[in-house]
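Open the model in your viewer and keep the selection tool ready. We will go stop by stop.

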Amino acid sequence: MEPNGADITDFLKTIPIICLAALAFVGILKLVFKKSIVFTITAIVTGPILIAAVAGMFMGQFGIEQLVWIFPVVVVVFVGIFYWLASVIKKPLNKITGNMKILAQGDTNVKIGDRDTKGRNEFAEEFRSMKVLVDGLQRMADFASEIGRGKLGNQYELLSDKDILGQSLIEMQRNLRVATEEQENHKQQEKDRAWVSQGLANFGDILRKNDDNIENLSFEIVSNLVKYLDANQGGIFILNDSDDDREILELKACYAFNRRKFSEKEIEPGEGL
């Protein structure tokens with residue numbers, strides 16, 4: 001049975017309605033899944049479905065013998081689109097999976113290109129989040145390495161308020177800094193005690209060896225004291241009585257700039273400095 005003119009007219013009026021319905025469907029998807037890969041996939045698949053619907057109508061109106069070529073065309077289009085979608089989805093998924101395996105091994109040598117992070121779909125968002133994570137882990141590794149080398153003055157910026165690992169590293173750095181300062185103070189105190197003990201032993205030995213000669217005793221004391229204190233010069237005065245029964249300070253020994261100085265000097269109490 002051949003289609004009449006009215007049937008063909010009704011059919012041609014139906015095609016725009018189907019196309020408008022398909023466009024409306026795609027528009028609704030755009031509003032609902034505006035940043036999602038779901039929109040891209042569904043919008044692309046809508047094309048072959050629309051072609052298949054129109055082809056079916058043609059077949060119903062004009063008979064399958066005249067439009068039998070539409071079947072292989074639709075099949076090729078479907079296969080091509082789904083193959084393309086599979087490659088589009090599979091490639092980023094494989095890359096994300098591979099990067100996660102690398103990170104799971106503790107390795108931060110993950111390659112994320114600029115092309116991966118561009119776009120507004122889920123894959124681009126995943127890559128952007130992964131890049132932030134990789135950069136943060138690398139900074140943590142560098143920070144921990146600096147702590148291991150004893151550099152405790154470096155600053156670390158937390159990834160967020162919930163950066164537990166970063167907070168733990170900062171706390172470890174703070175504790176190590178306190179322990180190092182306490183250790184240095186302890187070493188200095190031990191050094192000071194050893195310095196005092198050694199000095200007392202040295203001067204006790206000087207006193208024992210020169211207790212019979214005030215001149216030699218004075219020189220040995222002042223010369224060794226200047227050297228031990230790492231000073232430039234020094235002198236030792238003895239309080240004596242003068243001929244007129246006045247008390248005076250008499251210079252007994254003088255040592256300056258690694259040489260013995262021979263100088264005579266008397267100072268009355270209260271005179272000069």
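What percentage of the 273 residues of the protein count as buried? The answer is 25%. Keep in mind that this is a predicted model.

**The whole chain**

Colour by secondary structure. You should find seven helices and four strands. Along the sequence they follow the pattern α-α-α-α-α-α-α-β-β-β-β. Now switch on the surface. The protein exposes about 19,500 Å², and carbon and sulfur atoms supply 59% of that area. For contacts with a separation of 6 or more, 42% are between residues 24 or more positions apart.

**Stop 1: strand β2**

Select residues 247–256. This is strand β2, and seven of its 10 residues are buried. Which strands pair with it? Add residues 233–241, strand β1: β1 and β2 pair in the antiparallel sense over nine bridges. Zoom in on I236, which stands opposite A253 in β2.

Next add residues 259–261, strand β3. Three bridges join β3 to β2, and the two run antiparallel. Here C254 stands opposite K261 of β3. β2 and β3 form a hairpin with two residues between them. Click F257 in the turn: its phi is positive, at about 50 degrees.

Finish with residues 266–267, strand β4. β4 pairs with β2 in the antiparallel sense over two bridges. Look for L249 opposite I267.

While side chains are on, remember one rule. In a regular strand they alternate between the two faces of the sheet.

**Stop 2: helix α7**

Select residues 214–228, helix α7. This helix has 15 residues. From its first C-alpha to its last it reaches 21 Å, close to the 21 Å expected at 1.5 Å a residue.

Show the side chains of L217, S218, F219, V222, S223 and V226. These residues of α7 are buried. What do the buried residues of α7 pack against? Their partners are α6, β1, β2 and β3. An α-helix has 3.6 residues a turn, so residues three or four places apart point the same way.

Now check both ends. At the start of α7, a side-chain oxygen of N213 reaches to within 2.9 Å of the backbone nitrogen of E215. Just after α7, D230 takes a positive phi of about 55 degrees.

**Stop 3: N210**

Step back to the loop between α6 (164–209) and α7, and pick N210. Is N210 buried or exposed? N210 counts as buried because its relative accessibility is 16%, under the 20% cut-off. Draw a distance from its side chain to the backbone oxygen of I206: it should read 3.0 Å. Leaving aside residues up to four places away in sequence, N210 touches N216, L217 and E220.

**Stop 4: the aromatic rings**

Select the aromatic residues. A search of the whole structure finds three aromatic pairs. Go to F203 and Y228: the ring centres are 6.4 Å apart and the planes are at 85 degrees, so this pair is edge-to-face. F203 lies in helix α6 and Y228 in helix α7, so the pair ties together parts that are 25 residues apart in sequence.

How covered are the two residues? F203 is buried, with a relative accessible area of 18%. Y228 is partly exposed, at 23%. Add W195 to the selection to complete the picture. Ring pairs link W195, F203 and Y228 into a cluster.

Notes. Residues are numbered from 1 along each chain as its sequence is written. This is a predicted model: local features need pLDDT of at least 70, side-chain atom pairs count only at pLDDT 80 or more; totals for chains, interfaces and linings use all residues. Side-chain values use heavy atoms; hydrogens and water are left out. Buried means under 20% relative accessible area, exposed over 50%, partly exposed in between (1.4 Å probe, protein chains only). Two strands pair if DSSP finds at least two bridges between them. Contact means heavy atoms within 4.5 Å. Accessible areas come from the Shrake-Rupley method with a 1.4 Å probe; for residues, only the protein chains shown count as cover. A polar contact is a pair of N or O atoms within 3.5 Å; within protein, one must be able to donate a hydrogen and the other to accept it, and residues adjacent in sequence count only if both atoms are side-chain atoms. Rings of Phe, Tyr and Trp (its six-membered ring) pair if their centres lie within 6.5 Å; planes under 30 degrees apart count as stacked, over 60 as edge-to-face and the rest as tilted. The expected span of a helix is 1.5 Å times one less than its number of residues.
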